[in-house]
Amino acid sequence: MAEAGADMDPEVALGLFEEGATLVLLGVPEGTELGIDYKSWQVGPRFRGVKMIPPGMHFLHYSSVSSESSGGEVGPRKGLFLFLKPRELLLAHWDKQEEDLDFSDSENPEDVARVKAGLRELDSYLGAYPYDTLRKWVSLTDKLSQEVAVALQPLSGRVCAFSDVVPELQLKLTKDRAEQNLPRNDTQCQTMKEGLDRLPRMKQREGTELRFSQIPKQTYPPGATPAQITQCSMDLSYALNCLLEDHHKDQPLNVLGELQFAFVCFLVGNVYEAFEHWKQLLALLCKSEEAMKERKDLYLGLISVLYHQLGEIPPDFFVDIVSQNNFLTSTLQDFFQFAGGSGVDATLRKRSEKFKAHLTKKFRWDFEADLEDCAPVVVELPEGVTLD
């Protein structure tokens, strides 16, 4: 890891040196991929941590790398959100068995005090925070509070690129499978389906799941008429209000923090599940016409969030979300159509028009094109409800 960037303003460097936080990370194997926020490195033999970290929220991430004799393969990325105070020091050591950082040392005041007292000797072993990426990091997390991040991250405290899964049922014996009405394992499979049925059903290990808000599956209120069901399938405001009531009741704008949390977990943490949640949450927000009239601040914030996020999506995923069912263009087309409707705040309408012009110029998207909007909306009616 490099020292502080040569282009850093001397006053900024001095301020970070005096007020910045420090991560002392001992025993991290050489070759490990490790990063903070928007930048990562390969750990060298002298690495002992990161210094001059601006106070606030950060995302520390790392991937273990096998030895060259074993192929030098990079393991799945792990990460955790950190909330650092001015001049704070966090102390961790590498757990070889778990291939993870153990921060329990930070809970021992004597160990922390000892390391703080020897920081001058450690200084040349500490890489400087990549200050040139700070502005970009802040733009991607400015709506994400510590409270929201803690509520959404797994109980284990680790965000993992690959799910840690375990069998739903422990079926060690043939009689155990028989009790669950599952096919025996001691006979030859006759079909592919039979083989798949014999595989154990897996679930995520408890405590490792990201705790995202539940996107409502039912988009209409109980007892809705067929006409109301159709309306709520075209305007998702009812479903959005349910999500805000259930998960962000005290501060509805925190849903933008959740959108940023999901995006960071996908972009930096390599969590595909977070990418899927980002898409679902974005679609819910963009297809809520009545909510746009009632929640001006939420939608002004959404434009700001999307402005920064859309410039950071990796090219391969960008192709996916644009081409796959026209997801991004059709979703944003709905947003611009609703934002330009009557009853929408004038400031929001103007900001929406500017954002639309920006995207049209930057990505050459045509939001005026017919994206099969004339196709009928197919909705499922509740059991017992019929159309006369």
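Start at glutamate 33: its bridge partner in strand 5 is serine 63. Strands are DSSP runs of E with at least two residues, helices are runs of H or I with at least four, and both are numbered from the N terminus. The model is predicted: local features need pLDDT of at least 70, side-chain atom pairs count only at pLDDT 80 or more, and totals for chains, interfaces and linings use all residues. Residues are numbered from 1 along each chain as its sequence is written, and side-chain values use heavy atoms, with hydrogens and water left out.

**Stop 1: the antiparallel sheet**

Keep glutamate 33 on screen and select strand 2, residues 33-36. Strand 2 runs antiparallel to strand 5, joined by 4 bridges. Two strands count as paired if DSSP finds at least two bridges between them. Now add strand 3: another 4 bridges join strand 2 to strand 3, again antiparallel. Pick leucine 34 and look across to tryptophan 41, its bridge partner in strand 3.

Next, select strand 5, residues 56-63. Of its 8 residues, 7 are buried. Buried means under 20% relative accessible area, exposed means over 50%, and partly exposed lies in between, with a 1.4 Å probe and protein chains only. Add strand 6, residues 78-84. Strands 5 and 6 run antiparallel and share 7 bridges. One pair to label is tyrosine 62 and lysine 78, which stands opposite in strand 6.

Zoom out to the whole sheet. It is open, has 5 strands in the order 3-2-5-6-10, and pairs in the antiparallel sense. Strand 3 (39-42) and strand 10 (159-160) are the edges, each pairing on one side only.

**Stop 2: the mixed sheet**

Select strands 8, 7, 1, 4 and 9, in that order. These 5 strands form an open sheet with mixed pairing. Strand 8 (100-102) and strand 9 (126-128) have a single partner strand each, so one side of each is left without a neighbour in the sheet. On average, neighbouring strands here are turned by 25 degrees against each other, direction ignored. Axes are lines fitted to C-alpha atoms, for helices over the stretch in contact, and angles run from 0 to 180 degrees between N-to-C directions.

Focus on strand 4, residues 49-53. Strand 4 pairs with strand 9 in the parallel sense over 3 bridges. Glycine 49 stands opposite leucine 126 in strand 9.

Now add helix 2, residues 109-117. Helix 2 lies across strand 1 (21-26) and strand 7 (89-95), at about 105 degrees to strand 7.

**Stop 3: the second largest pocket**

Which residues are closest to the centre of the second largest pocket? Select Phe17, Gly20, Thr22, Leu119 and Asp123, out of 15 lining residues. The volume is about 310 Å³. On a 1 Å grid over the protein atoms alone, a pocket is an open set of points where a 1.4 Å probe fits, with protein on both sides within 12 Å along at least five of seven lines; lining residues have an atom within 4 Å of a point. Points are joined across faces, edges and corners, and the volume is the space filled by probe spheres set on them.

Helix 1 (10-19), strand 4 and helix 3 (119-122) each supply at least two lining residues. Helix 1 gives the most, with 3.

Center on phenylalanine 17, in helix 1. Is phenylalanine 17 buried or exposed? Phenylalanine 17 is exposed, at 54% relative accessible area. Leaving aside neighbours within four places in sequence, phenylalanine 17 contacts Met52 and Asp123, where contact means heavy atoms within 4.5 Å. Lysine 51 is 34 residues away in sequence, yet its C-alpha is 7.8 Å from that of phenylalanine 17.

**Stop 4: the cores**

Select Leu25, Leu60, Trp278, Tyr299, Leu302 and Leu332: these have the most contacts inside the largest nonpolar core, which has 88 residues. Such a core is a set of buried Ala, Val, Leu, Ile, Met, Phe, Trp, Tyr and Cys residues joined through side-chain atoms within 4.5 Å. Helix 10 (residues 254-267) gives the most to this core, with 10 residues. A second, separate core of 6 residues includes Leu89, Leu91, Val112 and Val115.

Finish on asparagine 254, in helix 10. Asparagine 254 is buried, at 15% relative accessible area.
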